[in-house]
Amino acid sequence: MEIEKKESAESGKMEKIISLCKRRGFVYPGSEIYGGLSGAWDYGPLGLTLKNNIKNLWWNRFVEERDDMYGIDAAILMNAKVWEASGHVAGFADPLVECKNCRKKFRADHISGGEKEASTQELAKECPECGKFGTLLPESKFNMMFKTNIGPVEDKSSVSYLRPETAQGMFVNFKNVMDSFHPRLPFGLAQIGKAFRNEISPRDFLFRAREFEQMEIEYFVREGDWEKHFESFRMEILEWLAGVGLDKDSVHELEVPAEDRAHYSKRTIDFEFDYPFGRKELLGLAYRTDFDLSAHINKSGADLSYYDEEKKERFTPHCIEPSFGLDRTILAILCEAYTEDEMGGEKRIFLKFKPSVAPVKVAVFPLLKNKPELVKKAEEIFRELKKEIRPIVFDDNGNIGKRYRRQDEIGTPYCVTADFDTLENDTVTVRDRDTGKQERVKTDELVNILREDIYGKE
Ligand code: GAP
């Protein structure tokens with residue numbers, strides 16, 4: 001009974017988050033005016049800023065702060081041979097079952113309720129849609145790549161795919177970066193970009209979509225060094241997740257057993273997060289061995305080896321791959337930040353974003369809208385602050401309490417109000433989102449104080 005109550009509270013939380021995201025311009029259902037498109041989501045103005053903040057925090061930490069990383073931005077459309085070599089044409093498939101009663105199709109591993117592949121006997125149990133027993137028929141595997149044709153002729157030779165992972169863009173550019181920059185091992189290629197998977201049953205909001213973004217690194221090492229680098233990425237990942245606001249108790253590491261690992265992996269850790277709908281994979285860290293470079297050497301004939309000048313030896317580097325799902329990270333941050341409490345005797349909803357993640361950093365208000373001298377002063381303060389801190393908003397709509405609630409709901413960490421004292425002694429109030437406490441500060445110290453709170457106190 002207790003468990004049931006908790007589960008329904010958690011699923012209620014998910015609905016509240018989806019509703020807030022739509023209402024306040026974070027995420028909208030894709031193609032909504034035409035009834036939507038399953039597995040596609042559109043980011044609105046605040047969602048886009050949140051997304052960009054997360055991308056920038058990731059890029060800074062994993063690329064720009066390091067000396068051994070090279071960023072790339074490869075084309076989404078790639079030669080079909082890439083996906084033949086990588087094993088995706090042959091093996092990137094989910095087991096599919098169809099109910100002969102209601103004709104709905106499901107991923108077999110979703111029928112059993114867990115992430116493991118269900119046995120034939122389990123498939124014959126109950127259809128999740130119509131509830132009939134013994135009507136689920138196992139079908140052939142379903143390849144999840146979106147197929148398309150390049151150019152006007154639709155035949156075998158023009159087939160291409162929307163990439164299902166950004167990783168291959170990095171493997172096929174290994175030689176280009178080597179030739180341009182001559183990096184020494186270990187070094188990595190990093191990329192943030194769209195990936196597409198024709199998921200059988202997209203679900204749980206941004207968690208399982210058909211179009212999503214990944215933030216991936218292919219880090220090339222000597223075979224003998226892989227464990228050391230794997231461990232160092234494991235620690236960096238945990239630190240970065242904490243830095244963007246995920247509680248360490250909500251993040252869990254799952255050592256993926258050999259039978260569940262992708263075909264290219266000799267070791268994988270799934271970093272899982274306690275989403276309201278259960279503990280699920282947020283990102284993966286895999287040791288891909290030399291599988292991909294070797295596969296592309298065999299298929300393309302290109303020389304993707306590495307020559308060690310000192311040791312005078314040539315070999316194919318091995319690869320460690322941290323693979324972050326950007327949308328799953330956004331969803332985890334939203335779930336972690338979503339908070340309900342009571343303030344001033346009223347129920348309130350707020351997003352407890354870290355200031356570095358928050359899409360709006362500061363809101364500036366005049367205490368009263370109908371006092372031109374207050375509005376003028378607040379506008380001046382807004383213009384000055386905007387030179388240094390962005391994004392920042394000006395709001396004089398409704399009463400001050402409503403303005404605070406609106407900013408709380410989108411996670412704005414600080415609200416600055418110009419009141420009658422401002423006109424007298426050039427001070428303003430700065431309100432903290434989480435506590436609701438207000439502090440009076442001198443206007444000429446405002447930028448420095450806020451800058452430190454937003455960028456210096458992570
Ligand atoms: N290059 C390795 C790779 O793509 P993966 O485990 O298939 O590995 C990596 O995907 C990450 O991409 C996942 O941990 C998840 O965060 C994200 N991801 C995968 N499928 C997704 C989907 N349908 N919707 C949203 N994110 C997805």
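## Lys377 and its partner

Lys377 counts as buried, because its relative accessible area is 18% (buried is under 20%, exposed over 50%, partly exposed in between, worked out with a 1.4 Å probe on protein chains only). Its side chain meets that of Asp426 in a salt bridge, at 3.2 Å from N to O (the term asks for a side-chain nitrogen of Lys or Arg within 4 Å of a carboxyl oxygen of Asp or Glu). This pair ties together distant parts of the chain: Lys377 belongs to helix H12, while Asp426 is in the loop between H14 and strand S23 (427–432), 49 residues apart. Helices (H or I, at least four residues) and strands (E, at least two) are DSSP runs, numbered from the N terminus. Unlike buried Lys377, Asp426 is partly exposed, as its relative accessible area is 38%. Elsewhere, Arg61, Arg66, Asp68, Glu236 and Glu239 are joined into one network by salt bridges that share partners.

A word on the ground rules: this is a predicted model, so local features need pLDDT of at least 70 and side-chain atom pairs pLDDT 80 or more, while totals for chains, interfaces and linings take in all residues. Numbering runs from 1 along each chain as its sequence is written, and side-chain values use heavy atoms, with hydrogens and water left out.

## The whole chain

Stepping back, the chain has 458 residues, and 49% of them count as buried. Its secondary structure adds up to 15 helices and 24 strands. Measure the C-alpha trace along its principal axes and you get a span of about 75 × 65 × 50 Å.

## More charged pairs

Side chains of opposite charge can pair when their charged atoms come close. How many salt bridges does a search of the whole structure find? The count is 38. One of them pairs Glu213 with Lys55, with 3.0 Å between the closest N and O atoms. Here again distant parts of the chain are linked: Glu213 sits in strand S11 (residues 211–221) and Lys55 in helix H2 (residues 45–64), 158 residues apart. Glu213 is buried, because its relative accessible area is 6%.

Then there's Arg348 with Asp341, whose closest N and O atoms are 2.8 Å apart in a salt bridge. Which of the classes fits Arg348, buried or exposed? Arg348 is buried, because its relative accessible area is 1%. Asp341, on the other side of the pair, is partly exposed at 25%.

## The second largest pocket

Rolling a probe the size of a water molecule over the atoms shows where empty space is left. The second largest pocket holds about 380 Å³ of space (the volume filled by probe spheres set on grid points, which are joined across faces, edges and corners). A pocket here is an open set of points on a 1 Å grid over the protein atoms alone, where a 1.4 Å probe fits, with protein on both sides within 12 Å along at least five of seven lines; lining residues have an atom within 4 Å of a point.

Which residues lie nearest the centre of this pocket? They are Met178, Pro183, Tyr306, Tyr307 and Asp308, out of a lining of 18 residues. At least two lining residues each come from helix H8 (174–181) and strand S15 (306–308). H8 is the top contributor, giving four residues to the lining.

## Backbone oddities

Most residues other than glycine have a negative phi, and most peptide bonds are trans. A few spots here go the other way. The bond from Leu185 to Pro186 is cis, with omega near -5°, and Pro186 falls in the loop between H8 and strand S10 (187–196). Going from Arg390 to Pro391, the peptide bond is also cis, with omega near -10°. Look for Pro391 in the loop between helix H12 (372–388) and strand S21 (392–394).

As for phi, Ser31 isn't a glycine, yet its value is positive, at about 50°. Ser31 lies in the loop between strand S1 (27–29) and strand S2 (41–43), and it is partly exposed, because its relative accessibility is 37%. Arg103 has a positive phi too, near 65°, and sits in the loop between strand S5 (93–99) and strand S6 (105–107).

## A long-range neighbour

Finally, have a look at Ile18, which is in helix H1 (residues 2–23). Ile18 is partly exposed, because its relative accessibility is 30%. From C-alpha to C-alpha, Ile18 and Leu206 are 9.5 Å apart, although 188 residues separate them in sequence.
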